[in-house]
Amino acid sequence: MKPDALVVGRGIPAWLLRVVILVVGAAIGALPLSEGTTTGTLFVLLPAVLASAYAPASPAPAAVVVVAAVLLALGDGGPLRAEVLIMVPLVHLFHVTCGIAGFLPASGRVHAGALRSTALRFLMVQAVTAVVAVAVAVLPEGRTQPVVEVLALAGLAGVALLVVWFQRTE
């Protein structure tokens with residue numbers, strides 16, 4: 001072996017990513033059941049989770065995300081209830097894992113270092129989501145003051161500028 005050759009090692013097998021898809025998909029299916037959703041919805045959600053593990057680059061992961069969102073939207077309670085706050089990182093992890101597994105061959109491997117930037121981006125998105133959830137939780141109910149609306153628009157413009165800046169730096 002040449003001294004300057006890249007040593008990849010064994011890496012993470014692609015089938016392990018598909019197991020993660022199944023486990024996270026099962027959690028996505030179980031969470032609405034804890035909220036009182038009928039078991040009939042599992043006839044839609046579980047086949048989509050299985051199809052996502054089998055073919056992660058197919059439209060099946062999008063079906064899982066949409067069905068999970070609809071189930072939570074139809075549930076009782078406010079938008080900041082525990083089920084919703086738990087479902088957000090679950091659905092995001094499901095989406096990211098399907099995205100990675102979608103371009104790997106089923107018998108392939110990926111080096112753990114290759115997942116570092118994806119993991120950091122996942123954590124950054126979840127941190128921003130948590131900040132937004134906390135901000136929404138502390139906002140008063142009822143009519144919004146004009147100052148708060150202006151601050152919200154300025155914050156939204158700031159987030160848009162950050163997104164553009166991050167896209168240009170990659």
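**Two pockets between a pair of helices: group meeting talk**

Let me begin with the second largest pocket, which has a volume of about 340 Å³ in what is, I should say at once, a predicted model. Fourteen is the number to keep in mind here, since 14 residues line the second largest pocket, and among them Val132, Ala135, Ala152, Gly155 and Leu156 are the closest to its centre. If you look for the elements behind this lining, α5 and α6 are the ones that give two or more residues to it, and α6 provides the largest share, with seven residues. Sorted by class, the lining of the second largest pocket holds eleven nonpolar residues, along with two polar and one charged.

Now I turn to the largest pocket, which contains about 450 Å³ of space. Twelve residues line the largest pocket, and those closest to its centre are Arg121, Met124, Val125, Val163 and Phe166. Which elements each supply at least two residues of this lining? They are α5, running over 116-138, and α6, running over 146-169, so you may like to have both helices in view on the screen. For the largest pocket it is α5 that gives the most to the lining, with six residues, whereas for the second largest pocket the largest share comes from α6. As for the classes, the lining of the largest pocket divides into eight nonpolar residues, two polar and two charged.

To close, please keep in mind that everything I have described belongs to a predicted model, in which α5 and α6 contribute to the lining of the largest pocket and also to that of the second largest.

Technical notes:
Residues are numbered from 1 along each chain as its sequence is written. This is a predicted model: local features need pLDDT of at least 70, side-chain atom pairs count only at pLDDT 80 or more; totals for chains, interfaces and linings use all residues. Side-chain values use heavy atoms; hydrogens and water are left out. On a 1 Å grid over the protein atoms alone, a cavity is a set of points where a 1.4 Å probe fits but cannot get out, and a pocket is an open set with protein on both sides within 12 Å along at least five of seven lines; lining residues have an atom within 4 Å of a point. Grid points are joined across faces, edges and corners, and a volume is the space filled by probe spheres set on the points. Helices (H or I, at least four residues) and strands (E, at least two) are DSSP runs, numbered from the N terminus. Ala, Val, Leu, Ile, Met, Phe, Trp, Tyr, Cys and Pro count as nonpolar, Asp, Glu, Lys and Arg as charged, and the others, Gly among them, as polar.
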